[in-house]
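Please read the following note alongside the sequence and the model. The points are numbered so that each can be checked in turn.

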Amino acid sequence: MGNRARRGGHRADTRLPTGSRPTDGARALPGRAERRKLARRVKRRRRRSAVKEIPLLITVALVIALVLKTFLVQAFVIPSGSMEQTIRIDDRVLVDKLTPWFGSKPQRGDVVVFKDPGGWLQEENAPKKDDPVVVKQVKQALTFIGLLPSDDEQDLIKRVVAVGGDNVKCCDADGRVTVNGVPLNEPYLHPGNVPSTITFDVKVPEGRLFVLGDHRSNSADSRFHLDEAFQGTVSEEEVVGTAFVIAWPFDHWRRLEEPGTFASVPDGRGPGVPGGLADSG
């Protein structure tokens, strides 16, 4: 009974007469207080490590955002109604900036964002937001790195109607715009708008584009610059990219696909004459 009780009870005290335990190779486990102290120490180290990594993570995120904006996709906010009802005021569109790096050029029907060729924005009469100085600077910084859409202060958005080599006219007997002799059926026009109240007959130079807004009665496009050099056409080099989707607001979300309007338009370049019009003589 006595032996069994001792075996089933607490472990016998193995301390040496000096009060220390024998060093038989087995390390004693830390006590509860020591474990808590160790856990707090590990937690502090992890917190300090995380704080040190935050600047690096922010830098990496900013670099990625800047690369995306510069080479891949950029967001633009639309300040005017020149492309209604396709694109409305304050819509956010995403612009493809990648494919031009591989030689892709704007096609008829594409909606493109381009740099102001000179004085076009003044005629658009786009309202400007008057933000406080600090807010304005923050917005400019975030826009620069691509975290906010551009406020479109130096860019315009229009639809490409004719490309280099095309002959674009308005209007035929039925009041339609024609490209290389083919009349256009334009379902994207703003309701109630006619194709144009301004007559024109333009041979688009190579490397340039003839652009019109879908809201023809509220768009200062190529038609308003016919008396300037290149008859109101825009250089392909001024094109920032092609808008491919309305991303915001969600109830306006839609892809901006090339309409079938231009499917039957023949190439304006003459056969065997690179970059030239067909010789009708």
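Is Cys-171 buried, partly exposed or exposed? The first point takes up this question, after a word on the origin of the model.

1. The structure is a predicted model. With a relative accessible area of 33%, Cys-171 is partly exposed, because the buried class ends at 20% and the exposed class begins over 50%. Its partner Cys-170 has a relative accessibility of 6% and counts as buried.

2. These two cysteines form a disulfide, with 1.9 Å between their sulfur atoms. A disulfide is a covalent bond between the sulfur atoms of two cysteines. The torsion about the S-S bond of Cys-170 and Cys-171 is about 60°, and the disulfide is therefore right-handed. A search of the whole structure finds one disulfide.

3. The aromatic side chains come next. A pair of aromatic rings is described by the distance of the centres and the angle of the planes. The whole structure was searched for such pairs, and three were found. In one of them, Phe-114 and Trp-120 have ring centres 5.7 Å apart and planes at 90°, so this pair is edge-to-face. Phe-114 is buried at a relative accessible area of 0%, and Trp-120 is buried at 1%.

4. Another pair consists of Phe-200 and Phe-210, whose ring centres are 5.1 Å apart. Their planes stand at 35°, so the pair is tilted. The pair links distant parts of the chain, 10 residues apart: Phe-200 belongs to strand E8 (residues 200-203) and Phe-210 to strand E9 (residues 208-212). Phe-200 counts as buried at 6% relative accessibility, and Phe-210 is buried with a relative accessible area of 0%.

5. Aromatic rings also meet charged side chains in this model, as two cases show. Arg-159 lies over the face of Tyr-188, at 4.0 Å from the ring centre. Arg-208 places its charged end over the ring of Phe-230, 4.0 Å from the centre of that ring. Arg-208 falls within the residue range of strand E9 (residues 208-212).

6. Lys-158 deserves a separate look. Where does Lys-158 lie along the chain? Its place is in strand E4 (residues 155-162). Lys-158 is buried, with a relative accessible area of 1%. The side chain of Lys-158 makes a polar contact of 3.2 Å with the side chain of Ser-82. Lys-158 and Thr-242 are 84 residues apart along the chain, and their C-alpha atoms are separated by 9.9 Å.

Note on methods. Residues numbered from 1 in each chain as written. Predicted model: local features only at pLDDT ≥ 70, side-chain atom pairs only at ≥ 80, totals over all residues. Heavy atoms only, no water. Phe/Tyr/Trp six-rings, centres within 6.5 Å; stacked < 30°, edge-to-face > 60°. Buried < 20%, exposed > 50% of the residue type's maximum accessible area, 1.4 Å probe, protein only. Helix = DSSP H or I, 4+ residues; strand = E, 2+ residues; numbered from the N terminus. Lys NZ or Arg CZ within 6 Å of the ring centre and 35° of its normal. Polar contact = N/O pair within 3.5 Å; in protein donor to acceptor, adjacent residues only side chain to side chain. Disulfide = S-S within 2.5 Å.
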